[in-house]
Amino acid sequence: MPGLEDLYREIILDHYRSPRNRGELESPPAIRSDGFNPLCGDEIAVYLDVSDDGVVSDVKIGGQGCSISQASASMMSAAIKGKSTAQARKLIRSFKEMMSIHESGLGGQDLDSDAPSVGADDAEDADTDMGDLEAMRGVVKFPVRIKCATLSWNALAQGLDEAEA
Ligand code: ZN
């Protein structure tokens, strides 16, 4: 019987092979923010169109790198498109919490202790639907890959700061 981890791996590979919102937007008017992860060589470019009423009306992802970095960016783009900047920021917080909870819970424990229920109460805010992002939970078993997973989210945060400046 395939476990949850197999399902997660499939979701990640699906986003890696068929990345959502791949491309670029003309900048300006779109805001472009870049991320680079020297540990792994991952590059991400996030293009954001933010409307006057604070909605992420379009998003495109460029760059190249490992499957974790590219899949995470793809999932992020799908999750924030059409959302308000406030909702996008909330997703950033939820995603980073998901990563850091596990990071701090890793000390000295074996891999099987990484039950998916850990931190679920934090990630499942009433109106925060993590969707496919849940699949990234498995990444925290490999602390060196967490930077791969959060790269696009840090670039997004930068872009939102710029959009709201
Ligand atoms: Zn990477």
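Alanine 45 has a relative accessibility of 5% and therefore counts as buried, and this residue, found in strand E2, offers a way into the structure, which is a predicted model. Leaving out residues up to four places away in sequence, alanine 45 touches Arg32, Ser33, Asp34, Lys60, Ile61, Gly62 and Gly63. Alanine 45 can also be set against a residue from a distant part of the sequence, since leucine 151 is 106 residues away along the chain, while the two C-alpha atoms are 9.9 Å apart in space.

## The zinc site

Which residues coordinate the zinc ion? The ion is held by Cys40 (SG), by Asp42 (OD), which is listed twice, by Cys66 (SG) and by Cys148 (SG), at 2.1 to 2.8 Å. Along the chain, these donors of the zinc ion follow the spacing C-x1-D-x23-C-x81-C. Cysteine 40 lies in the loop between strand E1 (31–37) and strand E2 (42–50), and cysteine 66 lies in the loop between strand E3 (56–64) and helix H2 (67–80), so the pair ties together parts that are 26 residues apart in sequence. These two cysteines also have their own accessibility values: cysteine 40 is partly exposed, with a relative accessible area of 36%, whereas cysteine 66, at 14% relative accessibility, counts as buried.

## Salt bridges

Side chains of opposite charge can pair when their charged atoms come close. In this model the count comes to eight salt bridges, and the table gives some of them.

| Salt bridge | N to O distance |
|---|---|
| Lysine 141 and glutamate 5 | 2.4 Å |
| Arginine 32 and aspartate 34 | 2.8 Å |
| Glutamate 134 and arginine 137 | 2.6 Å |

Lysine 141 is in the loop between helix H4 (120–123) and helix H5 (146–164), and glutamate 5 is in helix H1 (residues 4–17), so their salt bridge ties together parts that are 136 residues apart in sequence. Lysine 141 is buried, with a relative accessible area of 13%, while glutamate 5 counts as partly exposed at 46% relative accessibility. In the pair of arginine 32 and aspartate 34, arginine 32 counts as partly exposed at 41% relative accessibility, and aspartate 34 is partly exposed as well, with a relative accessible area of 40%. Both of these residues are also among those that alanine 45 touches.

In the pair of glutamate 134 and arginine 137, by contrast, glutamate 134 is buried, with a relative accessible area of 18%, and arginine 137 is buried, with a relative accessible area of 3%. Elsewhere, salt bridges that share partners join Arg89, Asp161 and Glu164 into one network.

## Helices H1 and H2

At 1.5 Å a residue, the 14 residues of H1 should span 20 Å, and this agrees with the 20 Å that separates its end C-alpha atoms. On which side of H1 do its buried residues lie? Tyr8, Ile11, Ile12 and His15 are buried in H1, and they cover an arc of only 95 degrees around the axis, which puts them on the same side of the helix. An α-helix has 3.6 residues a turn, so residues three or four places apart point the same way. The buried residues of H1 pack against H2.

H2 has 14 residues and reaches 20 Å from its first C-alpha to its last, close to the 20 Å expected at 1.5 Å a residue. H2 is mostly covered, with twelve of its 14 residues buried, and among the buried residues are Ile68, Met75, Met76 and Ile80. Just after H2, glycine 82 takes a positive phi of about 85 degrees.

## The nonpolar core

The largest nonpolar core has 37 residues, and those with the most contacts inside it are Ile80, Phe95, Met99 and Met136. H1, E2, E3, H2, helix H3 (85–104) and H5 each supply at least two residues of this core, and the largest share, eight residues, comes from H5. Ile80, one of the residues with the most contacts inside this core, is also one of the buried residues of H2. Methionine 99, when its neighbours within four places in sequence are left aside, is in contact with Met136, Val139, Val140, Ile146, Ala149 and Thr150.

Conventions: Residues numbered from 1 in each chain as written. Predicted model: local features only at pLDDT ≥ 70, side-chain atom pairs only at ≥ 80, totals over all residues. Heavy atoms only, no water. Donors = N, O, S within 2.8 Å, 3.2 Å for Na, K, Ca; no water. Helix = DSSP H or I, 4+ residues; strand = E, 2+ residues; numbered from the N terminus. Buried < 20%, exposed > 50% of the residue type's maximum accessible area, 1.4 Å probe, protein only. Salt bridge = Lys/Arg side-chain N within 4 Å of Asp/Glu carboxyl O. Expected span 1.5 Å × (residues − 1). Arc of directions from axis to C-beta. Contact = heavy atoms within 4.5 Å. Core = buried A, V, L, I, M, F, W, Y, C linked by side-chain atoms within 4.5 Å.
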